[in-house]
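Here are my notes after a first pass through the model. Have the viewer open while you read, since the points jump around the chain.

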Amino acid sequence: YILAGVPPGLQFVVAEHPSLKELGIRVGQKSVLLDDGGRRVVSFSAPSQRDVVSSLCGDGVNVRNHGIVRVTLIDSATANPVRGARLHLTLKDATKRPAFETTEETDGSGAVVFCGVPAGQPLVVTHPRTGRALLELTMSRGTILGRAIRTGKSN
């Protein structure tokens, strides 16, 4: 891309991609000092899958037979993130074995990350207090999925 008409001085360039943005990851951010009439070349490289996995779940996590889900809860009335909401991820059919369930709390950005999600099984994300299903999904092996869910603050 060529950006024309950018004023001289210190400028910040941010590169994002929708699929990475849903995961809370930027491709890159750089500061650039521009002279009047000067040109600068700024390059970014998308992070590798290993870098994305490490950023979301830490080092040493293998997604070969599992997946990763990042859910961001947004208050539909205010468009603000819902912080401190406890979300529950479990198999949709609770009679299946081996059982899988985990509960995590949304962070300051309204997001929660579930690591080690089993592949090939129908799953459901619910709000434990209300029991309301917020998201239903089936993960493929090695999938890293990000979803934003708009909901009422109390839901």
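The points below go through the bonds, the strands and a few single residues.

1. First, a reminder that this is a predicted model. Every distance, angle and area below is computed from it, so read the values with that in mind.

2. The disulfide is a good place to start. The structure holds one, and it joins Cys 57 to Cys 115, with the sulfurs 1.8 Å apart. What does the pair link? Cys 57 belongs to helix H2 (residues 49–57) and Cys 115 to strand E6 (residues 111–118), so the bond ties distant parts of the chain, 58 residues apart. Its handedness is left, because the torsion about the S-S bond of Cys 57 and Cys 115 is about -90°. As for cover, Cys 115 comes out as partly exposed, at 33% relative accessibility.

3. How many salt bridges does the structure hold? There are five. Glu 16 pairs with Lys 21, the closest N and O atoms being 3.6 Å apart. That pair is part of something wider: Glu 16, Lys 21 and Arg 26 are linked in a network of salt bridges. Glu 16 itself is partly exposed, at 41% relative accessibility.

4. Another of the salt bridges is between the side chains of Asp 35 and Arg 40, at 3.3 Å from N to O. Both ends are partly exposed: the relative accessible area is 46% for Asp 35 and 41% for Arg 40.

5. Glu 105 and Arg 86 also meet through their side chains in a salt bridge, at 3.8 Å from N to O. This one links distant parts of the chain, with Glu 105 in strand E5 (residues 101–105) and Arg 86 in strand E4 (residues 86–91), 19 residues apart. Glu 105 has 44% relative accessibility and counts as partly exposed; Arg 86, with 43%, is partly exposed too.

6. Now to strand E7 (residues 122–126). Is it mostly covered or mostly open? Mostly covered, with four of its five residues buried. E7 has E4 as an antiparallel partner, joined to it by four bridges. It also runs antiparallel to strand E8 (residues 133–138), and here five bridges make the join. Val 124 is a handy residue to click on: in E7 it stands opposite Thr 90, and its bridge partner in E8 is Glu 136.

7. Thr 90 deserves its own look. This residue lies in strand E4. Is Thr 90 buried or exposed? Its relative accessible area is 17%, which falls under the 20% cut-off, so Thr 90 is buried. Which residues does Thr 90 touch, leaving aside its neighbours within four places in sequence? The contacts are Phe 100, Glu 101, Leu 123 and Val 124. Val 124 thus turns up both as a contact of Thr 90 and as the residue opposite it in E7.

8. Over in strand E1 there is Val 13. With a relative accessible area of 26%, Val 13 is partly exposed. Setting aside neighbours within four places in sequence, Val 13 is in contact with Gly 28, Gln 29, Lys 30, Val 32 and Phe 44. One spacing to check in the viewer: the C-alpha atoms of Val 13 and Ser 43 are separated by 10.0 Å, and the two residues are 30 apart along the chain.

9. Toward the start of the numbering, Tyr 1, Leu 3 and Val 6 make a nonpolar surface patch of about 460 Å². Val 6 sits in the segment before strand E1 (9–15). Why can Val 6 be part of a patch? Its relative accessible area is 37%, which makes it partly exposed, and patch residues need over 30%.

10. Last, a backbone point. Which residue has a positive phi although it is not a glycine? That is Ala 79, with a phi of about 65°. Ala 79 is placed in the loop between strand E3 (66–75) and E4. At 49% relative accessibility, Ala 79 still counts as partly exposed, because exposed means over 50%. I would give this residue a look in the viewer along with the others.

Note on methods: Residues numbered from 1 in each chain as written. Predicted model: local features only at pLDDT ≥ 70, side-chain atom pairs only at ≥ 80, totals over all residues. Heavy atoms only, no water. Patch = residues over 30% accessible without salt bridge, like charges linked within 9 Å, V, L, I, M, F, W, Y side chains within 5 Å. Areas by Shrake-Rupley, 256 points an atom, 1.4 Å probe, with all protein chains shown as cover. Salt bridge = Lys/Arg side-chain N within 4 Å of Asp/Glu carboxyl O. Helix = DSSP H or I, 4+ residues; strand = E, 2+ residues; numbered from the N terminus. Buried < 20%, exposed > 50% of the residue type's maximum accessible area, 1.4 Å probe, protein only. Disulfide = S-S within 2.5 Å. Pairing = 2+ DSSP bridges. Contact = heavy atoms within 4.5 Å.
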